[in-house]
Each structure stands twice: as structure tokens, then as C-alpha cells.
Amino acid sequence: MIQIENVTKVFKMGENEVRALDGVSLKIENGEMVAIMGPSGSGKSTLMSIVGCLDVPSTGSYLLDSLPVETMNDSQLADIRNHKIGFVFQQFNLLSRTSALENVLLPLSYTRLNGRQSRQKADHALEMVGLGERKNHHPSELSGGQQQRVAIARALVNDPSILIADEPTGALDSKTGAEIIDLFQTLHRDFGQTVIMVTHDSFVARHTDRIIRLADGRIVSDTINPNPLKAGTPRPEAEA
Ligand SMILES: Nc1ncnc2c1ncn2[C@@H]1O[C@H](COP(=O)(O)OP(=O)(O)O)[C@@H](O)[C@H]1O
Ligand SMILES: [Mg+2]
């Protein structure tokens with residue numbers, strides 16, 4: 001479970017201070033699927049970095065599965081980033097000179113698995129995202145949607161309990177984006193993963209169980225979505 005209490009994040013830029021998060025309190029239970037919305041600059045990515053243990057709050061507390069993140073040392077944090085949390089970004093962030101398979105193998109190089117075990121896990125992750133056939137292709141030989149699937153396989157390969165996706169459909173056309181959302185829904189439903197997804201797209205957000213909105217570094221609404229859209233729901237004409 002994720003428990004954030006009165007978190008602020010202040011960036012100092014010379015004389016100026018930017019208050020990216022301004023007193024955010026938030027609880028996300030294991031197995032929830034949550035959308036984070038809000039205008040550009042409202043603090044969404046900063047919040048995701050903190051939730052994902054890539055960055056630390058300026059003030060406030062963060063308990064991850066009841067453990068205070070601020071007391072963890074570098075090796076404990078690295079362990080959490082490698083095993084508990086998977087990250088997916090808008091721009092895929094794949095290594096361009098290596099195959100899909102090698103991209104997915106990368107996070108396993110920090111584990112104690114041998115070559116054959118790693119290979120099996122990476123193959124399995126690529127199959128889960130529907131890319132088993134394309135694993136030897138380089139990113140440039142794959143479509144945007146396929147590249148994002150490789151990035152999702154890479155995020156999944158260590159079986160993280162939390163999947164954080166920062167505008168995962170932002171660089172994709174709406175049909176391909178819908179397929180990526182369907183994939184997140186499947187992972188959430190079949191494997192009980194906690195999915196936290198930043199999106200600008202309210203149609204995408206309506207596929208989740210809960211929608212949290214940020215503005216100026218604060219949570220301005222946090223609502224349960226009683227009827228999440230199902231995979232394959234066509235986008236309403238008016239929103240296309
Ligand atoms: N590393 C940083 N250094 C300085 N300012 C930052 C940094 N990261 C984010 N900010 C500022 O914090 C605010 C929130 O940014 P961000 O979390 O990226 O918003 P969002 O993801 O909602 O667009 C913005 O004003 C942004 O310019
Ligand atoms: Mg952002």
C-alpha cells in the first residue's frame with residue numbers, strides 16, 4: 001500500500017523556488033487501478049517520481065507497504081525500484097541499438113538469475129504483451145505501440161507489484177493508445193497489479209477505478225469511477 005502524507009516537493013532554481021507538490025496526501029491500496037490527471041505543470045510527474053522512489057519529498061512522509069521510504073538507504077531503494085515498481089514513460093525510453101529482448105533483459109542483469117532463467121522471464125514478459133514473435137527486432141523496426149509494449153514488458157519482467165505509467169499513450173494514436181490501456185487493464189485484472197497511470201485523456205482515465213486530479217501541486221479531486229470502461233469500448237465520436 002502507498003501512503004503519502006502531506007508531501008511537498010520544492011525545486012530551487014537559482015533565486016526561485018518551484019513548489020511542484022504542495023501538501024499532497026494520498027492512499028492507494030494494493031491492486032487499485034488509478035488515473036492521475038491535471039494540467040501540464042501540475043505536479044503529476046513529480047508525484048510519480050516520488051511514488052516510484054526515483055526522488056524524495058522535500059517534506060512529508062511516504063510509507064510504502066508500511067515502511068518509511070525516507071529511512072531507506074541507497075541499496076534498499078535500488079531494490080525497491082528493481083523489484084517492487086515498474087515504470088513506463090511516454091517516450092518509451094528503449095535502448096535503440098539492441099533488440100526488444102535485450103531491452104527486456106536489462107532489468108534482470110541486477111538480479112541473481114542465470115542466463116537461461118533471465119531469458120525465460122524476458123520471453124514470458126514479451127509474450128504477455130503480445131510481442132513474442134518480434135523479440136529480435138530493434139526498436140526502429142517496431143511501431144510506436146509495439147515499442148510501448150516492449151517498454152511495458154521491461155517494466156513487468158521483475159514482477160513488480162506496482163506499475164507506474166506516465167502518459168503511456170501520449171505519443172500514440174488513439175487506437176494504439178486504446179490497445180495499451182487494454183493491456184494495463186488485463187495486467188491489473190489478471191495479476192492484481194497496482195496500476196497508476198498519468199493521462200491527459202479523460203477517455204483513457206475512465207478505464208480506471210479511481211481518478212485523482214492535481215492542480216498547482218495539490219489534489220483537487222479524488223473520485224471513484226463506479227463503472228470503468230471495458231477493454232475495447234469504442235471512443236465516443238465526440239471525443240475522437
Ligand atoms: N527537476 C526539476 N527542476 C526544477 N523544476 C522542476 C523539476 N521537475 C519539475 N519541475 C517543475 O515542477 C512543476 C511540476 O512539474 P511536473 O511534475 O513535471 O508536472 P506535470 O507532470 O504535471 O506536467 C513544474 O513547474 C515544473 O517546471
Ligand atoms: Mg509530466
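# A walk through two sheets

Start by selecting A165 and looking across to strand 8: A165 stands opposite M197 there. Keep in mind as you go that this is a predicted model.

**Stop 1: strands 7 and 8**

Now widen the selection to residues 162-166, which make up strand 7, and residues 194-198, which make up strand 8; the two run parallel and are joined by five bridges. For another pair to highlight, pick L163, whose bridge partner in strand 8 is V195.

Stay with strand 8 and turn to its other neighbour. Strand 3 pairs with strand 8 through four bridges, again in the parallel sense. Select V34 and you will find I196 as its bridge partner in strand 8.

Is strand 8 enclosed or open to the outside? Five of its five residues are buried, so strand 8 is largely enclosed by the rest of the structure. Show the side chains to see how this works on each face: T194, I196 and V198 are buried on one side, while V195 and M197 are buried on the other. If you are wondering about that pattern, side chains in a regular strand alternate between the two faces of the sheet.

**Stop 2: the six-stranded sheet**

Zoom out until the whole sheet around strand 8 is in view. Six strands form an open sheet in the order 6-7-8-3-9-10, and their pairing is mixed. At the edges you will find strand 6 (85-89) and strand 10 (218-224), each of which pairs on one side only. Rotate the view to look along the sheet: from one strand to the next, the twist averages 15°.

Next, select residues 174-191. This is helix 6, which lies across strand 3 (33-37), strand 6, strand 7 and strand 8. Helix 6 runs at about 155° to strand 8.

**Stop 3: D166**

Go back to strand 7 and select D166, which lies in that strand. Which side chain of opposite charge is nearest to D166? The answer is K44, 6.8 Å away; D166 is buried, yet has no salt bridge. A salt bridge here would need a side-chain nitrogen of Lys or Arg within 4 Å of a carboxyl oxygen. Leaving aside residues up to four places away in sequence, D166 touches S45, V88, F89, Q90 and V198.

**Stop 4: helix 1**

K44 leads you to helix 1, so to speak: select residues 44-51. Six of the eight residues of helix 1 are buried, so this helix is largely enclosed by the rest of the structure. Colour K44, T46, L47, M48, I50 and V51 to pick out the buried positions. Just after helix 1, click on C53, which takes a positive phi of about 60°.

**Stop 5: the four-stranded sheet**

Now bring up the other sheet. Four strands make an open sheet in the order 2-1-4-5, with antiparallel pairing. Its edge strands are strand 2 (16-28) and strand 5 (67-68), and each pairs on one side only. Helix 1 packs on this sheet, where it touches strand 1, strand 2 and strand 4, and its direction makes about 120° with that of strand 1.

For a closer look, select residues 2-13 (strand 1) and residues 59-64 (strand 4), an antiparallel pair with five bridges. Within that pair, Q3 has L63 in strand 4 as its bridge partner.

**Stop 6: D55**

Where does D55 sit? Look in the loop between helix 1 and strand 4. D55 is partly exposed, with a relative accessible area of 28%. Show its neighbours too: not counting residues up to four places away in sequence, D55 touches K9, F11, S49 and I50. Try a distance between D55 and K9: they are 46 residues apart in sequence and 9.5 Å apart in space, C-alpha to C-alpha.

**Last stop: the whole protein**

Finally, fit everything to the window. The protein has seven helices and 10 strands. Its radius of gyration is 18 Å, close to the 18 Å that the globule rule gives for 240 residues, so the protein is as compact as a globular protein of that length. Along the principal axes, the C-alpha atoms fill a box of roughly 50 × 50 × 35 Å.

Buried residues account for 46% of the 240 residues. Of the contacts between residues at least 6 apart in sequence, 69% join residues at least 24 apart.

Note on methods. Residues numbered from 1 in each chain as written. Chains lettered and ligands numbered in written order. Predicted model: local features only at pLDDT ≥ 70, side-chain atom pairs only at ≥ 80, totals over all residues. Heavy atoms only, no water. Pairing = 2+ DSSP bridges. Contact = heavy atoms within 4.5 Å. Axes fitted to C-alpha atoms, helices over the stretch in contact; angles between N-to-C directions. Buried < 20%, exposed > 50% of the residue type's maximum accessible area, 1.4 Å probe, protein only. Lys, Arg positive; Asp, Glu negative; His and termini not counted. Rg over C-alpha atoms; globule rule 2.2 N^0.38 Å.
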